[in-house]
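Biologist: I've got a fresh structure open and I'd like to talk it through with you. Shall we take it piece by piece?

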Amino acid sequence: MNRIHTLFQNKQKQVLSIYFTAGFPELEDTVPIMEAIEAAGADIIEIGVPYSDPIADGPTIQDSNMIALENGMSLKKLFSQLEGFREKVSLPVVLMGYLNPIIQYGMEDFCAKCQELGIDGLILPDLPMHQYLEEFKELFEQYGLSNTFLISPQTSEKRISEIDQHSNGFIYMVSSHSITGAKAGISDEQKAYFKRVQEMKLKNPRLIGFGISDAETFQTASSFSHGAIIGSAFIKIIKDSKDLKADINQYIQSVIK
Amino acid sequence: MIRVDEKGFYGKFGGAYIPEMLHPNIEELRENYEQIISTEEFKTEFQSLLKDFVGRPTPLYLATRLSEKYGAKIYLKREDLCHTGAHKVNNTVGQIILAKKLGKKRIIAETGAGQHGVATATVCALMGMECTVYMGALDIQRQKPNVERMKILGAKVVPATSGSQTLKDATNEAMRQWINNPVDTHYIIGSVVGPHPYPEMVAKFQSVISEEIKTQLKEKEGRENPDLVIACVGGGSNAAGAFYHYYNVPEVRLIAAEAAGLGISSGKSAATTALGTMGILHGSKTLLMQTEDGQVVEPHSISAGLDYPGIGPVHAHLFDIGRGEFVAVEDEDAMKAGIELSRLEGIIPAIETSHAIHALNMIEYKKDDIIVINLSGRGDKDLDTYIKWGGY
Ligand SMILES: Cc1ncc(COP(=O)(O)O)c(C=O)c1O
């Protein structure tokens with residue numbers, strides 16, 4: 001059974017997913033960071049596949065993408081780093097990446113490789129739903145990969161229902177009209193949107209991401225959902241870290257305390 | 001038939017590969033634009049602004065000395081005489097009226113050469129709308145006069161500092177800012193790129209170019225169809241406009257001039273059809289200069305307006321099915337062609353346009369062929385580049 005499904009069967013509250021960019025800050029940091037995230041007590045690992053033109057990302061993740069690429073990261077390199085990672089990491093692992101590098105690799109080869117390595121799911125922010133349904137749904141299912149779509153405060157209820165119907169794994173709720181990046185606090189308007197979606201009683205669990213950075217925003221987001229996703233704030237922690245393991249542990253502990 | 005299908009594809013190219021956050025914006029446009037632009041009210045306002053504000057129809061000018069030199073009958077479609085100095089304004093006039101009808105309050109745009117930025121700032125001033133233009137930090141340096149023009153017109157110019165700091169990055173930044181301001185803001189894309197319905201919408205607004213060519217050529221030559229139409233292609237909006245009513249007239253050859261930069265194999269080029277493969281950039285599937293790993297390659301061209309690693313999906317399709325003939329013109333040849341046109345016809349062209357002029361040397365044609373070159377813009381904005389280059 002897919003590890004994402006198992007996770008949400010056992011835990012419906014305060015699920016913490018951590019995003020980081022593969023190959024950042026140093027090329028070979030990918031697997032050590034995964035181990036540190038697991039050891040620190042997070043629930044899901046989201047590995048960002050770096051891309052030259054990440055249009056849904058703010059400055060922090062843009063920079064981590066650029067640096068990772070300069071370090072020599074690529075999808076092929078990432079897959080070679082992930083060879084055998086399941087001996088060290090047992091958390092659900094999701095790959096998040098823009099479509100272009102993946103279609104250059106070849107979608108079917110990509111899916112097959114993900115399954116072989118033990119990846120559980122995919123988040124492809126610029127893959128629109130109808131294209132997914134037409135071209136890729138069967139492949140994802142064939143290779144046992146769960147697919148996560150994003151929704152935003154602008155997404156209509158009708159579309160949220162459609163997305164819910166075609167998702168398996170979890171739904172990624174973008175917390176505001178925004179690209180990625182940590183902001184201060186969560187506004188009442190955002191809470192109203194969280195509540196509105198909460199009351200829709202979707203079949204998939206919901207994780208809230210973008211702008212979640214600390215214990216307070218994590219707790220607030222989690223009170224309206226199954227948990228939250230931290231990206232930019234985590235990238236900032238590892239960017240200047242001299243001791244990844246210790247800093248990651250301290251940061252994640254401070255969020256879930 | 002060359003036309004966009006329901007899902008926004010031209011053959012294999014096009015579509016709307018966008019983050020979900022932009023889905024409502026794109027849907028709003030897609031659902032409304034055709035209906036809005038087909039109303040009499042829209043058409044009347046668009047036509048009257050094109051006439052009295054932009055100065056259309058632009059002349060179709062028989063370039064006698066150029067014709068003599070090249071041994072064909074060469075007409076220049078004078079988009080350089082449009083208000084603000086390039087074809088870009090045809091599109092911004094159309095989109096600003098549309099934005100108003102959609103109830104938008106703010107406009108954002110990307111720009112490369114600054115021509116689209118100026119054209120956007122201009123129509124925003126005209127309509128009293130707030131305007132922010134994203135421009136690559138490198139382009140801000142090499143297109144100084146246009147930056148100042150935008151500011152004089154009341155627009156805010158924001159540098160895009162990521163990546164190659166050119167048009168691609170400015171477009172990324174504009175898309176990000178649209179995600180951040182989805183409700184009251186309309187994004188005026190400057191070329192036939194981006195997610196559906198932008199490529200077709202921009203082409204429609206630019207199609208006035210070939211519509212006029214047909215009428216004007218009929219008056220001058222007794223026929224609507226030239227033998228060849230030549231245009232430069234950055235994203236491809238002036239070319240799409242000049243080709244539009246000829247897409248499905250096979251006897252008219254469509255010649256697209258891309259920027260080869262320092263040479264196709266120099267590593268410093270923007271010749272997308274020569275170097276590109278199928279990929280996804282800025283929301284559409286198209287030909288794209290990229291690494292084997294799917295990272296977008298930083299292009300190079302001496303002309304900021306052609307310095308883009310992709311082309312509009314319609315052009316990728318024209319290339320794919322062999323309907324368009326694509327040539328790649330190097331920096332140096334383009335500069336010389338600019339000087340040549342200046343000396344032969346008294347017209348200093350934009351450096352983008354100079355690529356289309358040089359294409360005359362790269363294609364075969366017959367002695368009495370009628371050739372229309374789309375003179376997409378004037379060279380005022382490029383004086384710095386001409387001066388630095390110095391070969392005159
Ligand atoms: C004069 C001129 N011609 C051509 C272009 C290239 O754009 P497109 O290929 O969309 O016509 C530009 C872009 O800035 C321009 O200013």
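Modeller: Sure, and one term comes up straight away: two residues are in contact if their C-beta atoms, placed from the backbone, lie within 7 Å. Keep in mind that this is a predicted model.

Biologist: Okay, helix 11 of chain A, then. Which elements are included in what covers its buried residues?

Modeller: In helix 11 (residues 232–239) of chain A, 6 of the 8 residues are buried, so the rest of the structure largely encloses it. Those buried residues are A:S232, A:A233, A:F234, A:I235, A:I237 and A:I238. The cover over them includes strand 1 (15–21), helix 2 (30–40), helix 3 (59–70), strand 9 (227–230) and helix 12 (244–256) of chain A.

Biologist: Which residues touch the most other members of the largest nonpolar core?

Modeller: This core has 208 residues. It draws at least three residues from each of domain 1 (23–49 + 88–202) and domain 2 (56–85 + 207–389) of chain B. The residues that touch the most other members are A:I37, A:Y172, A:F234, B:V229, B:I230 and B:A257.

Biologist: Let's zoom in on B:V229. What is it in contact with, leaving aside neighbours within four places in sequence?

Modeller: B:V229 is one of the core residues that touch the most other members. With its neighbours within four places left aside, its contacts are B:A242, B:F243, B:Y246, B:V252, B:L254, B:I255, B:V372 and B:N374.

Biologist: Now the two domains of chain B. How many residues does each domain give to the contact?

Modeller: Chain B is assigned domain 1 (23–49 + 88–202) and domain 2 (56–85 + 207–389). Taken over C-alpha atoms, their centres are 22 Å apart. As for the contact, domain 1 of chain B gives 31 residues and domain 2 of chain B gives 31 residues.

Biologist: And how does the domain 1 side of that contact divide into nonpolar, polar and charged residues?

Modeller: Several helices of chain B each supply at least two residues of this side, among them helix 4 (88–101), helix 5 (115–127) and helix 6 (137–142). Sorted by class, the side of domain 1 that touches domain 2 has 12 nonpolar, 15 polar and 4 charged residues.

Biologist: Moving on to where the chains meet: which element supplies the largest share of the side of chain B that touches chain A?

Modeller: The contact takes 27 residues from chain B and 30 residues from chain A. Helix 8 (167–180) and strand 11 (277–281) of chain B each supply at least two residues of the chain B side. The largest share, 6 residues, comes from helix 8 of chain B.

Biologist: Is B:V296 buried or exposed?

Modeller: Let's place it first: B:V296 sits in the loop between strand 12 (284–288) and helix 13 (313–320) of chain B. Residues it touches, not counting those up to four places away in sequence, include A:S52 and A:D53 as well as B:K168 and B:L281. A residue counts as buried at 20 or more other C-beta atoms within 10 Å. B:V296 has 24 of them within 10 Å, so it is buried.

Biologist: How are helix 14 and helix 15 of chain B oriented to each other?

Modeller: The axes of helix 14 (residues 331–345) and helix 15 (residues 351–358) of chain B come within 8 Å, and they cross at roughly 90°. That's why helix 14 of chain B counts, relative to helix 15 of chain B, as roughly perpendicular.

Biologist: Any odd backbone spots? Where is the cis peptide bond with omega of about -5°?

Modeller: Most peptide bonds are trans, so a cis one is worth a look. The proline at this spot, B:P57, is in the loop between helix 2 (40–54) and strand 3 (60–62) of chain B. The cis bond joins B:R56 and B:P57.

Biologist: A:F210 has a positive phi although it is not a glycine. Is A:F210 buried or exposed?

Modeller: Its phi is about 80°, and A:F210 lies in the loop between strand 8 (206–209) and helix 10 (215–222) of chain A. Around A:F210 there are 28 other C-beta atoms within 10 Å, so this residue is buried.

Biologist: What about A:K201, buried or exposed?

Modeller: A:K201 also has a positive phi, about 50°, although it is not a glycine. A:K201 is in the loop between helix 9 (188–198) and strand 8 (206–209) of chain A. With 7 other C-beta atoms within 10 Å, A:K201 is exposed.

Methods:
Residues numbered from 1 in each chain as written. Chains lettered and ligands numbered in written order. Predicted model: local features only at pLDDT ≥ 70, side-chain atom pairs only at ≥ 80, totals over all residues. Axes fitted to C-alpha atoms, helices over the stretch in contact; angles between N-to-C directions. Helix = DSSP H or I, 4+ residues; strand = E, 2+ residues; numbered from the N terminus. Parallel < 35°, antiparallel > 145°, perpendicular 65-115°, else oblique. Buried ≥ 20, exposed ≤ 12 C-beta atoms within 10 Å, placed from the backbone. Core = buried A, V, L, I, M, F, W, Y, C linked by C-beta atoms within 7 Å. Domains from an automatic or database assignment. Nonpolar A, V, L, I, M, F, W, Y, C, P; charged D, E, K, R; others polar.
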